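Let's take a walk through this model together, moving from an open pocket to the interior and then out to a pair of loops. Keep the viewer open as you read.

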Amino acid sequence: MRKTIRTAAAAFAAAATIFCAALPAAAVELKTGIGIVEAGGLRLRAQANTDSDILANAGYGDNVVIIRESGDFYLVDYNLQIGYMSKDYITFKDRENVELGYGRVIESSVYLREKPDTSSASLTQLVYDEKAYIIGFNCGWYKVEYDDLTGYIRSDLLELTEKPLANSGGTYAESVSIGDKIVSTAKSYLGYAYVWGGTSPSSGFDCSGFARYVFAQLGYSLSRTAAQQLGNGTSVTELRAGDLVFFNNTYSTSAAASHVGIYIGNNQFIHAASGGVKITDLSDSFYASRYIGARRIV
């Protein structure tokens with residue numbers, strides 16, 4: 001029978017702010033932090049270089065468990081796959097409230113401690129293959145719920161057993177949900193002013209500046225002008241949310257693309273035009289007669 005040591009609730013409430021304690025050097029797989037993916041389609045690679053095999057694509061806002069640094073990459077656990085992600089597109093947190101799902105004990109026994117420190121009081125003991133639900137990370141320790149207790153287990157003593165519910169699937173099929181995120185981001189700027197040459201919410205937007213800004217928020221780079229953006233991505237005929245739609249002869253007689261918007265579904269697109277950022281039907285007579293095609297970026 002496991003020996004359980006329970007402390008009064010008041011002891012938890014009175015606990016002072018916990019700072020990162022020195023972690024044992026021998027715990028080579030002690031996790032160092034939680035990473036928040038700041039780019040849609042961030043690639044999980046087999047090795048710490050951009051030429052290695054792609055194992056998965058992470059969605060914007062997904063969480064990864066960072067094991068350690070490796071040059072310009074982090075070695076991470078993403079959706080139960082171990083691989084490398086570029087540090088440039090990950091926000092590192094050494095403390096974070098995050099639901100990672102259940103973790104399985106991989107040692108013969110481990111202590112659930114009151115604080116993330118080996119000198120902290122033990123609340124109970126778990127044995128091999130038992131599971132605790134992970135709700136946070138603190139300086140190398142998982143914060144977990146086990147039975148009616150909440151405490152900490154060192155992160156090298158638990159193995160993740162499921163994909164975090166908040167994460168995307170991490171595969172190329174996630175391009176559909178990324179498209180939805182593009183649309184959601186674009187709609188958040190409805191009503192912002194149209195300004196010729198504008199490229200940001202503070203300065204206002206022109207059509208290509210708006211498209212470029214929205215995609216940049218999700219980690220994708222577009223060329224500056226509508227004519228140049230017509231060369232980005234791949235040409236498509238069946239439209240999907242997040243595709244770019246192009247028009248010519250909107251303010252000149254040039255055959256080149258002179259206007260661009262973002263397709264949002266239901267035969268509508270969002271764009272920056274006279275009157276500000278707005279939604280228009282593709283069947284609108286002005287735009288329908290000037291439509292020249294679409295490009296898919298993700």
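Which residues lie nearest the centre of the second largest pocket? They are Tyr194, Trp196, Cys207, Tyr251 and Ser258, out of 20 residues that line this pocket. Before going further, a word on the ground rules: this is a predicted model, in which local features need pLDDT of at least 70 and side-chain atom pairs count only at pLDDT 80 or more, while totals for chains, interfaces and linings use all residues. Residues are numbered from 1 along each chain as its sequence is written, and side-chain values use heavy atoms, with hydrogens and water left out.

A pocket here is an open set of points on a 1 Å grid over the protein atoms alone, with protein on both sides within 12 Å along at least five of seven lines; a cavity is a set of points where a 1.4 Å probe fits but cannot get out, and lining residues have an atom within 4 Å of a point. Grid points are joined across faces, edges and corners, and a volume is the space filled by probe spheres set on the points. By that reckoning, the second largest pocket holds about 310 Å³ of space. Helices H3, H4 (226-229) and H5 (285-288) and strands S19 and S20 each give two or more residues to its lining, and S19 gives the largest share, 3 residues. (Helices, H or I with at least four residues, and strands, E with at least two, are DSSP runs numbered from the N terminus.) The lining divides into 11 nonpolar, 7 polar and 2 charged residues, where Ala, Val, Leu, Ile, Met, Phe, Trp, Tyr, Cys and Pro count as nonpolar, Asp, Glu, Lys and Arg as charged, and the others, Gly among them, as polar.

H3 and S19 turn up again in the largest nonpolar core, as do helix H2 (175-187) and strands S18 (244-248) and S20. This core has 26 residues, and those with the most contacts inside it include Ile182, Phe210 and Val260. A nonpolar core is a set of buried Ala, Val, Leu, Ile, Met, Phe, Trp, Tyr and Cys residues joined through side-chain atoms within 4.5 Å; buried means under 20% relative accessible area, exposed over 50%, and partly exposed in between (1.4 Å probe, protein chains only). H3 provides the largest share of the core, 5 residues.

Now turn to strand S1 (residues 33-37). Its 5 residues are all buried, so S1 is largely enclosed by the rest of the structure. Gly33, Gly35 and Val37 point one way, Ile34 and Ile36 the other. S1 pairs with strand S4 (residues 63-70) in the antiparallel sense over 4 bridges, and 4 bridges also join S1 to the antiparallel strand S7 (residues 90-93); pairing requires at least two DSSP bridges. Ile36 has Asn63 as its bridge partner in S4 and Thr91 in S7.

Asn63 also helps to line the largest cavity, which has about 40 Å³ of space. S4 gives the largest share of that lining, 3 residues.

Finally, look at two loops. Asp129, between strands S10 (122-127) and S11 (131-138), has a positive phi near 80°. Asn249, between S18 and S19, has a positive phi of about 55°. Most residues other than glycine have a negative phi. Asp129 is partly exposed at 42% relative accessible area, and Asn249 is partly exposed at 33%.
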